[in-house]
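Biologist: I am new to this structure and would like a close look at a single part of it. Please start from one residue and work outwards through its surroundings.

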Amino acid sequence: MRFLVICLSVFLSLPALAEKYPPIGTNMTVQQVSQHAYYVQGEAGMATENEGFISNAGFVVTNEGVVLFDALGTPSLAWTLLQKIREITDKPITHMIVSHYHADHIYGLQVFKEAGAKIIAPVGAHTYLGSETAANLLDDRMMSLEPWVNEQTHLVPPDQIIDKATRFSLGGLTFEMNYLGSAHSDGDLTLFIPEEGVLFSGDIIFEGRVPFVGDADTKVWLSKLKDLETDGLKVLVPGHGPHAQDPNQAVRMTREYVAHLRSVMGKAVEDMVDFETAFEEEDWSAYKAMPAYDAAHRRNAYQVYLAMENESILN
């Protein structure tokens with residue numbers, strides 16, 4: 001009788017558990033890129049499109065535990081990813097490494113924190129968490145991404161901050177976290193697994209789509225791209241877009257795009273040409289067929305124009 005009561009109690013609790021995170025309607029497919037490394041790929045688009053599934057998240061399965069890289073843009077997406085991982089392994093979730101604190105990469109953190117993961121992030125995470133931008137954006141997403149972002153969604157601070165190259169081992173694999181400073185965000189890091197030749201780059205690299213510049217320091221970003229070491233890489237998993245089996249090409253595309261923006265807008269500022277004229281007169285045909293061009297490119301160009309104005313004043 002007691003056994004039946006316990007079973008009934010568990011059964012009755014299942015709907016409540018399932019309803020904790022509203023189910024997603026968008027498709028999420030796990031792609032395996034090496035013996036131990038996997039990722040899921042978001043769609044190209046603005047942050048509130050595709051139910052918020054516009055960024056990538058990766059994970060590495062070892063015989064001692066699972067290491068994740070980025071947490072996706074809603075708790076519902078993260079919960080779905082956790083179920084996908086559980087179809088592959090029952091090993092504990094040990095580490096959640098965050099490439100940078102932008103909403104589309106962190107709103108799922110609470111799911112993995114609840115699952116027992118240690119949250120590791122670069123310097124700059126607390127700058128974001130303490131900002132009005134973070135608070136206001138969460139309020140906005142509770143409306144624009146409802147019900148997947150709701151009153152139960154909260155920002156999760158890191159358990160460990162990285163401010164230099166750091167590594168750890170788990171299950172026979174080495175995890176090298178490389179701190180890049182303030183480039184695409186207030187702080188960025190990458191994750192390299194040398195035994196697999198796999199690099200998770202975060203938003204330092206965008207593959208197959210127009211990058212999102214936002215409030216990035218494109219001068220620093222460009223210098224990091226020029227210095228990025230790709231020797232020995234077999235696969236690069238970017239923050240957005242499909243994985244690249246030619247890492248040099250992926251780095252080159254992002255680097256050339258950022259360099260093009262800085263060149264055009266820098267010259268416009270130097271020649272005291274207004275943004276509209278500079279933008280309309282430039283040939284952007286190399287990017288027009290790329291996903292996210294309409295959504296991101298003009299805004300990127302304007303942000304870089306303003307940044308180049310500031311740089312000219314400081315110089």
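In which loop is A292 found?

Modeller: A292 is found in the loop between α9 (275-281) and α10; helices (H or I, at least four residues) and strands (E, at least two) are DSSP runs, numbered from the N terminus. This is a predicted model, and its residues are numbered from 1 along each chain as the sequence is written. Local features need pLDDT of at least 70, side-chain atom pairs count only at pLDDT 80 or more, and totals for chains, interfaces and linings use all residues, while side-chain values use heavy atoms and leave out hydrogens and water.

A292 is not a glycine, although its phi is positive, at about 75°. A292 has a relative accessible area of 14%, so it counts as buried (under 20% relative accessible area; exposed is over 50% and partly exposed lies in between, with a 1.4 Å probe and protein chains only). N50 also has a positive phi in a residue other than glycine, near 55°. N50 sits in the loop between β2 and β3, and at 26% relative accessibility it is partly exposed.

The helix that follows the loop of A292 is α10, which runs over residues 293-314. With 22 residues at 1.5 Å a residue, α10 should span 32 Å, and the 31 Å between its end C-alpha atoms agrees with that; the expected span is 1.5 Å times one less than the number of residues. Buried in α10 are Y293, A296, H297, N300, A301, V304, Y305, M308 and E311. An α-helix has 3.6 residues a turn, so residues three or four places apart point the same way. The cover over the buried residues of α10 includes α7, α8 and α9.

One of these, α8, covers residues 247-270, and it packs against α10 at an angle of about 55° with the axes 8 Å apart. Axes here are lines fitted to C-alpha atoms, for helices over the stretch in contact, and angles run from 0 to 180 degrees between N-to-C directions. The angle makes α8 oblique to α10; under 35 degrees would count as roughly parallel, over 145 as roughly antiparallel and 65 to 115 as roughly perpendicular, with the rest oblique. The crossing of α8 past α10 is right-handed, meaning that the near helix is turned clockwise from the far one by less than a right angle, whereas an anticlockwise turn would be left-handed. On the α8 side, the contact (heavy atoms within 4.5 Å) is made by Y257, L261, R262, M265, G266, A268 and V269. On the α10 side, it is made by H297, N300, A301, V304, Y305, M308, E309, E311 and S312. By class, this contact has nine nonpolar, four polar and three charged residues; Ala, Val, Leu, Ile, Met, Phe, Trp, Tyr, Cys and Pro count as nonpolar, Asp, Glu, Lys and Arg as charged, and the others, Gly among them, as polar.

Helix α8 also meets α7 (residues 218-227): their axes come within 10 Å and cross at roughly 145°. This crossing is left-handed. From α7, the residues T218, K219, W221, L222, L225 and K226 meet V251, T254, R255, V258, A259 and R262 of α8. The residues of that contact divide into six nonpolar, two polar and four charged. R262 of α8 thus takes part in the contact with α10 and in the contact with α7.

The loop between β11 (198-206) and α7 holds G208, which is partly exposed at 40% relative accessibility. G208 is in contact with M253, M290 and P291, leaving aside neighbours within four places in sequence. G208 and M290 are 82 residues apart along the chain, yet their C-alpha atoms are separated by 6.8 Å.

For contrast, L155 lies elsewhere, in the loop between α6 and β7. L155 and G266 of α8 are 111 residues apart in sequence and 36 Å apart in space, C-alpha to C-alpha. Not counting residues up to four places away in sequence, L155 touches I106, Y107, L129, A134 and L138. At 23% relative accessibility, L155 is partly exposed. P147 has its place in the loop between α6 (132-144) and β7 (160-162), and the peptide bond to P147 from E146 is cis, with omega near 10°.
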